[in-house]
Every structure is written in C-alpha cells, then in structure tokens.
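Please walk me through this model in the viewer, one selection after another, and say what is to be found at each stop.

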Amino acid sequence: MNPCFDSQLPDFYHFPPFFTVQPVLSTREKQLGQWRELILKYHTDLRIKTLVLHECPLWKNDSIGRELSHDGIRIVMDDFVRSGHGEWEDPDLRTRCRILWRKPEQLASDIYDWAVANGKINDVCTVYELHSGEDVNGMSFYGVDEELLRRALGILEQQGKCVIFNGDNFSGDGIKFF
Amino acid sequence: MMAKLSPSLERTWSCDVSRRRRRRRRDCCRGHLYSWMRPDRPIIICPIAYISPDEGDEPLELTNTDGDGGDAHPWNARDVGLSCHVTTHRIVLVDERDSIVIGGSIPLPLVESFAAAGGPSIRSPLSSYKIELNTFAWGKLTIVFRGGKTASYAESKQHRDDALAAIEKAMAREAWNAKERLARSEDKRSSKIIAGKKVGLDRIVTKTELHVFGGGIDERGAKTDPSTSVLKWDKGSRKKEDIDAFLREADVLVKIIHTSIAKIERARTVGSAFNCGEKTNASVEDTDKLFSLLENMGNTSALSKKQAGSTYHPQLARQLVDFLRLNGKLTKAGGMMTLTDVYCLFNRARGTNMIAPEDLLRAVDLMKELNLGITKRSFKSGVLVIQADEFDDNIMGRKLTELASISMEPQSRKVSSSPGGITVMDVCRELKISALLANEQLVTTEEMGLLCRDSTIEGVRFFPNLFITGDFSLLSGIMLQ
C-alpha cells in the first residue's frame, strides 16, 4: 500500500468483518457504502485514474490478515459502478474501471467557478490549460482524465455557460466561457 | 408334479367348456394323487403324464362329445366328455360324474408352446377345432373341441378360442415365477427405505404408494418417473405386471382401510344428521374406538389431517410440558431446546413405553393450541426447537453482543494476534448450550443487526455490528499491533 496513504486509512479498514460481504442486507448497505468511500478517496488522493481490478492494493489488509474474496470484489465493484463513481472501460471483461473522481456535474460547476474566479469569462482557453495549466494547479480538475473533462464541458455547454471550438485535437480545443 | 398349489394363488379363468355325460369310472388313478379343493366339489387330480413312448405320435385327445364307452383305458387315451379349465398355473381337465370328480392337469411351466389347430379345411370341412401343446414332459398333446351333441360346431370354435386366449394370458404372465420376481424387485426398492420409517399398516400403504405412484426404483434399477405412473395402462404391458403385483399385495389391506373409512364416514354423517348434541352415544364411541385402533396400528394415513377424537396427542403434549418444566430443565437450557434433545431426554426418562418421533412431532404441534406456555419454533435453516414463551430473542441478542464486545478488548484475548469476535464454540462454552442452538441464535442476532460476521477459511466469527453503530473505538484494541 502506498505509504502516504497508510495513515489515511479509515478505521473500518482494520475491522475484520469489513472484508466479508455481509449477508444481512441492512449491514451490507453500510458496508458497501464504506467501500465506495474508500475506493474513491484512495484514487482521488493519489490521482489514479483507472482501477485495474487485480492490481488494486485495497482488497487486502495484511495487518489483520484479511482479504476480500473474488466474489466480494465483484459485488463491491458492481455497486461502485452502479453508484456512478466509476465506469467500466471494458464492460464485458470488467477488469479496468475508470474512476470518476468527481461526478461530471460537480466538475462542471468546479470549472465554472474557477473560470469566474480567474476572470476567464468571455475569454478563451484551451482544454490543455484546463487540466494541466499552471493556473489550475491545486484545483480538483487538475490532471483529470480528458474523457471526464469532455463530459463536464459538455454539461456546461448544455447549461449554456460555455462553447467549444474545435481545434486540431481535443487538447487544442478552445473553450469560451460566458 | 407333487407341488400343491394353494387355491388362493391360483386363479382360474372360466373357460368352462361344455359339460357332458358321465362316464364309467376308469381306473386312472396312477401316480401321485393330490386333491384340489374347490369350495363346492372336492376332486381328485392325478397327473396326466402317461404317454408311453411306443404310442408314438398319437396325440392325447380329449374330446367333448360322448364317445366310445371305453373301458380300462388309462387316463391319457382318448378321453371324452371333459371340461377344460385354464388357471394361472396349469390347464385342468375335469371329468365330472356323480359324486366324485376326476381331473388331470398339465402344468403351464412345462408347456413349451401352444397353437391353434384344426378348423375347417378343404379336405375336411367339419374338422374340429383343436389346441396343440408342445410340452417338455410329454411331447405333443392335443385338446380337441369337438362339436356335436353338447355344443355346436360354431360354439366349439368359440370355446377353443376362449381356451387359447386364457392359456396365452397365463403363459405371458408366468405367475409361477411371480414370487421370485417380486422378491428380487423388493430388495431394490427405495420406497422400502422411505416407508421403513413408518409403522404398521401405514408402512405398507406408504410403501405401495411410493412403489406404484412413483418415486421408486423399478426392477431394472432405473428410477421410475412419477409422471408415468403405473396406472397408465398404455405404457406397455410391463406396468400391468406391476399393477398386478400391487393389487395382490395391497388387496386385503386396501379392503380393510376402505371399510374402516366407510364406517367412519357413515358414523359421521349419521352423527351429523342429528343436529348438534343429538348424536347417538354408541356411534360416537364406536368411531372413537375405531380412530384409536387405527392410530395404534400406525394407520395414520386413513385418518384426516385434523385430530379427530383422539386424546393421545394432547395428553402427550401436556406430559411433555410438565416434564420440561420439572426441575427447570428448559430454563437451564436457556429457554430453548432442539426437538432431538427433548426426544432423547423424554424417552430416557420414560424407560419403557417410549414415544415415537411422529408422536412427538404431533404433540409439539398441538402445544400452541393448548396454550401450554411452550411452543415449537422452526428456524430458516430447518432446525426445529421448542421454546418457552418467556424466551426473548432480544435478550439473547444483547447477551451475545456483549460477549462479542468483550472479546474485542485487548485483555480478554488470549493470543494477541487473534482478531477478537466470537465463534459458535465460544458461545457454547459461555452459555452452556449445544452448538446447533448456538449457531441458530448467532444467526438470529445477526439478522437483527446486532452482529456482523467475518468469514474466513478458519470459520465464521461474529463481531458487534460496528457498521451500524459507526463507533470504531473498539477497534483501537485491535489496531495496537
């Protein structure tokens, strides 16, 4: 496990029953909710865009000697995707999951707020600037997946808060905020 | 030939060809004599096998008309005036006379083949109808159905055909092997095992029920498909044999059951015909007696599901409750006991005159109606227990949660690396109850949301449900590693 994350591991990560999918439904709901939080937090904090199922270190906790079984992993991931925090890159095989650090709607509002705060209204900036520019450093959408950004911008467009100009590639696209 | 066949096994088709005149008595009683009792007339039967080799192909003719007087011919010469009867085991030829009747028989196991013969042909338009038999013992025999004074030509054809049909049926059935066959198939029947748990008449009824109506294993060792029950006649003659076997076995039994049911019904309708309270005492007593008699014989399937008139089970229920409350047996056990435990304890206490498992089941079912303070409870996993009314799941739940919480404290764990939590064995030890009960109660508490489980290859441990309480302070004990 990534050492800088270790200290942030939640309490329930050390609770042995956490690694057994509970049969009682009410308990299971709570448990799955905690798993969702954990996965999201881990990937968001460490800025990991994709979860590869068999490489994720979260499933195992060596300090208490417990790990989530394959069936358990399936259940947790299905619930995660269903809740909208992730998407399968390969829906048939289900081995890679794109983590949506923030929901597209949230990203959209974040971007707009930043645009307002930095006086970018009626100004044009490229997509590249948005996810990797110097101004953006520290914002939630810094380093965000392009696909995600595209969606967020799509939402903004729908809301009428920006318009997208096509450039050479997606990174070169220009965005004008209103 | 010496084998004496009891009349009940042997069935006779009435192929009674015409009677004819008496003949003078012949000295034909050579060889073995045995009597075959018919209800009305005793007859003496002697074997027919007197064909001597030098007679060559001369067939044994037994004709219907009165023929030549004949004197001291042996039986196997041309005997006339006989009636031919075909039974399940042999062909019997009977010569009737005034006070004594003489008959001879050809056992069917010895008959190799049979064929119709005779009948009108070009050369002899009035040739008699015959049956030709090939036997193992006596070579060829012919039975001639001659038309004449006692029966017309056409009628004799009918007689011959009837006789032939009867012989065919008997040969196909091979009733002389039936017992062996039945014995063989008996051993393979799974219905026996199922029925083995029942008692008395009930056992026989269940056995035949399972055998005939499906769920059994037939002679070939294949599973009988209940949908092709033996009662479907078009499924081939093989099933007819099963049905015959069933009928034979259950005949007497079914009669008894039907008569008893009929009696009960009649008494009931008679009783109910008189409007409430006006029943004749005698009839009510009789039906009660009948019920208790049937119950004693184990014939519970003849009764309706409802307890009608018997007081045995309610009494037993009361006895059980008294027994359990005595010395606080039930409370010592924690207010809950499995039925097997109750059964063992009760029968051990009784010593003799022990109760059957079915009696216990029924008595326990009645306990609720009788308001005795103890009731049956069945868990999702199928375990049956009885439970005192004072028993409360919540109390048990709290107890278990406490145990689980204590287990998580660092000082209570014997080995520092153990994760805490309680197992079935821990609960058994603490609460002094059996493992089965402990498991059930842990699961029940889990379903109430007070415990959560941690399942590994080592087994299942139960922890207090910190998911719901949200309080992970207890975990600090574990995390200090």
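Begin by colouring chain B by pLDDT, the predictor's confidence in each residue, from 0 to 100: the mean for chain B is 68, and 54% of its residues reach 70 or more. This is a predicted model, in which local features need pLDDT of at least 70 and side-chain atom pairs count only at pLDDT 80 or more, while totals for chains, interfaces and linings use all residues. Residues are numbered from 1 along each chain as its sequence is written, chains are lettered from A and ligands numbered from 1 in the order in which they are written, and side-chain values use heavy atoms, with hydrogens and water left out. For the complex, the predictor gives an ipTM of 0.74 and a pTM of 0.50.

**Confidence along chain B**

Select residues 12-77 of chain B, where pLDDT stays under 50 and where the model has 173 contacts beyond four places in sequence, a contact being heavy atoms within 4.5 Å. A further stretch to select is residues 275-279 of chain B, which also has pLDDT below 50 and shows three contacts in the model beyond near neighbours in sequence. Where pLDDT is low, the predicted coordinates should not be read in detail. Among the elements of chain B, strand β2 (residues 34-37) has the lowest mean pLDDT, 34, and helix α13 (residues 435-448) the highest, 90; helices (H or I, at least four residues) and strands (E, at least two) are DSSP runs, numbered from the N terminus.

**Strand β14 of chain B and its partners**

Next select residues 384-388 of chain B, which form strand β14; four of its five residues are buried, so β14(B) is largely enclosed by the rest of the structure. Buried here means under 20% relative accessible area, exposed over 50%, and partly exposed in between, with a 1.4 Å probe and protein chains only. Add strand β12 (residues 336-338) of chain B, which runs antiparallel to β14(B) and is joined to it by three bridges; two strands pair if DSSP finds at least two bridges between them. One bridge to display is that of B:M336 with B:Q387 in β14(B). Then add strand β13 (residues 374-378) of chain B, again antiparallel to β14(B), with five bridges, including the one between B:R377 and B:V385. β13(B) and β14(B) form a hairpin with five residues between them, and in the turn B:G382 has a positive phi of about 100°.

**A helix pair in chain B**

Now show helix α7 (residues 312-325) and helix α10 (residues 357-370) of chain B, whose axes come within 8 Å and cross at roughly 80°. That makes α7(B) roughly perpendicular to α10(B), a label covering 65 to 115 degrees, whereas angles under 35 degrees count as roughly parallel, over 145 as roughly antiparallel and the rest as oblique. The axes are lines fitted to C-alpha atoms, for helices over the stretch in contact, and angles run from 0 to 180 degrees between N-to-C directions. Residues making the contact include B:L316 and L320 of α7(B), together with B:A363 and B:L366 of α10(B).

**Two sheets in chain A**

Turn to chain A, whose secondary structure comes to six helices and eight strands, and in which buried residues make up 46% of the 178 residues. Three strands form an open antiparallel sheet in the order β1-β5-β4 (chain A), with β1 (50-52) and β4 (86-88) of chain A as the edge strands, each pairing on one side only. β4(A) is joined to strand β5 (residues 96-99) of chain A over three bridges, and A:E87 has A:R98 as its bridge partner. Helix α3 (residues 70-82) of chain A lies across β1, β4 and β5 of chain A and runs at about 110° to β4(A).

Another open antiparallel sheet has the order β6-β8-β7 (chain A). Four bridges join β7(A) to strand β8 (residues 174-177) of chain A, among them the pair A:C162 and A:F177. Helix α6 (residues 146-159) of chain A lies across β7 and β8 of chain A, at about 125° to β7(A).

**A last stop at A:A115**

Finally, centre on A:A115 in helix α4 (residues 104-117) of chain A: is this residue buried or exposed? A:A115 is buried, with a relative accessible area of 0%, and it touches A:K120, A:I121 and A:F177, not counting residues up to four places away in sequence.
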